[in-house]
Amino acid sequence: MSNHIVENLRKEIEAFKIETKTEKVGKVVEVFDGIAKCSGLTDVKSGEMVIFSGGETGVVLNLEEDTVGIIILSDFSKIKEGNEVKATNRILEVSVGEAQIGRVLNALGAPIDGKGYVKTSSAQPIEKIAPGVVTRLSVDQPVSTGIKAIDALIPIGRGQRELIIGDRQTGKTAIAIDTILNQKGQNMICVYVSIGQKDSKLRKLQIRLEEGGAMDYTIIVSAGSSEPAALSYIAPYTGVSIAEYFMDQGKDVLIIYDDLSKHAVAYREISLLLRRPPGREAYPGDVFYLHSRLLERACRRNAKYGGGSITALPIIETQAGDISAYIPTNVISITDGQIFLETDLFYKGVRPAVNVGFSVSRVGSSAQIKAMKKVAGTLKLDLAQFRELEAFSQFGSDLDDATKKQLERGKRAVEILKQPQYSPVVIEYQVVILYALVKGYTDDIPINKIKSFEEGLIEYAQRNAKIFLSEVVEKKMWSDAGEEELKKAIEDFKVSFVK
Amino acid sequence: MAKISSKNIAEAVYKATEGKSPAEQELLLKRTVYVLRDKRMLGKSKDILEALQHIIDKKTNTVRLKVITAKNIKEEEREKLEDQIKVKYKGDKVISEFFVKEELLGGMRVEVGDEVQDTTYKNKLRKLEKFLIQNK
């Protein structure tokens, strides 16, 4: 046994080849709050990885006349003044590979879930120029979130960047999680980047994803709130580098950044410590570029370049619904639309609390399937009109029949778009219930019975509208025969339901 | 107002004293010390001198060499090393310092400015340790 160990060790040592080269070395001049100022290190590049004498890694961010400013990516308490720091001539890299699927990683790609070592196949730089115009294709494939309000009104396409924005406790993360859960069997790899979140929240989320079987296609990258700001700063870039590895293999990837407000705050902290001049809300001048270069890496590649895609769902937390603050406006302008969640709606019981009027998807409609487009075509406008009429109707004046009808229809639409958490609805069932709504079949159903009507109708349609359902799944649109079948099924079900 | 670095002061001192007679140089240096005292910058004098040394080395094409070994090395070996450094860095003059540190176990660490070539056993063992951990 011991001979075997010795033999193995000998083989390992024989495989070790040492390369002697001249290295650029600097000295630590000062260390404070996760930042090191070092002298020496001539010719070091911005963004280059450096290694301290104790093995800690850092990234060069500031190049000054006599010193370089370095952010330290691990415990900085052991780094002392006068310590040596070596340049590596490499931009910070993260290990990537298939084995990372189902794992929880830290911002440097190392596992933190206690399930042991992850064998990776290659290393990717965390900062990369986004794919060029020649390699891209416009968005035309849908990402099905399983949330009726989103799939019908604010559709998301593969390769799109759709912002989820709202105050605290409005269900932003819930939308992201539901979307991940709904990707089962949809040929999608999900990367969830948690930035500055509580570890307890992350653990809850991980358990939820495991229960839903979603960890089979999900990678979690986490930079917790107790970790240095430098890790929060690099975590989204690590996440997107992992996503790019899968996209390069022609796969579709969904990446969620939860959330970019904390990312901006972490970057502000680093920038102020590095004595970069503060601008609006004390954010540095390049905070727009911080997010634009990250979100620009989300794209859909054309067939010649592998045909993969990265769909990004960044999350932004607003303060008291103020979407005109600095970071929200920046990210709104970078992304291809936003899902706006409102506290008032949330407490009124409209969940998901999507404000349809403020939410938009700029490119998603071309990715929506034809059947959904047909049923949801006028729904957004109807809802907007409903909100307006609802405000007027509160004056209590007499209303004409057409207005009353519109109000009743609107109330039912709001009711149908309500959906509990962790219960995504597949697209064909969404089409069935929205069809019933827009064709007026639900107009005479009492509002408090809409939910049970919806559940019953879906169950009934599974048995009695098979042609319609299979057509929506396969051809993405129904035929006349399918429509007739559904109409009959709805009418039959309604008779039994009213009884 | 832009911050004045030690390097800026050293450059100014060098330019002011360049080509001057020893008496003038002495006067200038005295004045420099007074200015530094008035501006409360005497604490930076070490950095300024280092920067000045660097400028002079550059002008006179001098290479400063620091060698650390586990055992004392012979005079001819030292000369050989200096000659090689002179060729590599295209210098006219080499000013060298030799140190002995037993903890390096063997080999040699050569430092020129911020460039380091470390062939010591200690460094090799550290690299081997890292390699074995990574290959686990």
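I count a residue as buried if 20 or more other C-beta atoms lie within 10 Å of its own. The model I am looking at is predicted.

**Entry: burial in chain B**
I applied that cut-off to chain B. Of its 136 residues, 9% count as buried.

**Entry: the build of chain B**
I looked up the elements next. Chain B has five helices and four strands. Read from the N terminus, their order is α-α-α-β-α-β-β-β-α. I then checked how spread out the chain is. The radius of gyration of chain B is 21 Å, and the globule rule gives 14 Å for 136 residues, so chain B is more spread out than a compact globule. Along the principal axes, the C-alpha atoms of chain B fill a box of roughly 60 × 40 × 25 Å.

I also looked at contacts within chain B. Among those between residues at least 6 apart in sequence, 59% join residues at least 24 apart.

**Entry: where chain A touches chain B**
I turned to the contact between the chains. Chain A gives 15 residues to it, and chain B gives 13 residues. On the side of chain A, helix H1 (2-15) and strand S1 (22-32) each supply at least two residues. The largest share there is that of S1(A), with five residues. I sorted the residues on this side of chain A by kind: five are nonpolar, five polar and five charged.

**Entry: strands across the contact**
What does S1(A) pair with in chain B? I found strand S4 (residues 115-118) of chain B, joined to S1(A) by three bridges. The two strands run antiparallel. I noted one partnership: Glu23(A) has Val116(B), in S4(B), as its bridge partner.

Notes: Residues are numbered from 1 along each chain as its sequence is written. Chains are lettered from A and ligands numbered from 1 in the order in which they are written. This is a predicted model: local features need pLDDT of at least 70, side-chain atom pairs count only at pLDDT 80 or more; totals for chains, interfaces and linings use all residues. Two residues are in contact if their C-beta atoms, placed from the backbone, lie within 7 Å. Ala, Val, Leu, Ile, Met, Phe, Trp, Tyr, Cys and Pro count as nonpolar, Asp, Glu, Lys and Arg as charged, and the others, Gly among them, as polar. Two strands pair if DSSP finds at least two bridges between them. The radius of gyration is taken over C-alpha atoms; the globule rule is 2.2 Å times the number of residues to the power 0.38. A residue is buried if 20 or more other C-beta atoms lie within 10 Å of its own, exposed if 12 or fewer, and partly exposed in between; C-beta atoms are placed from the backbone.
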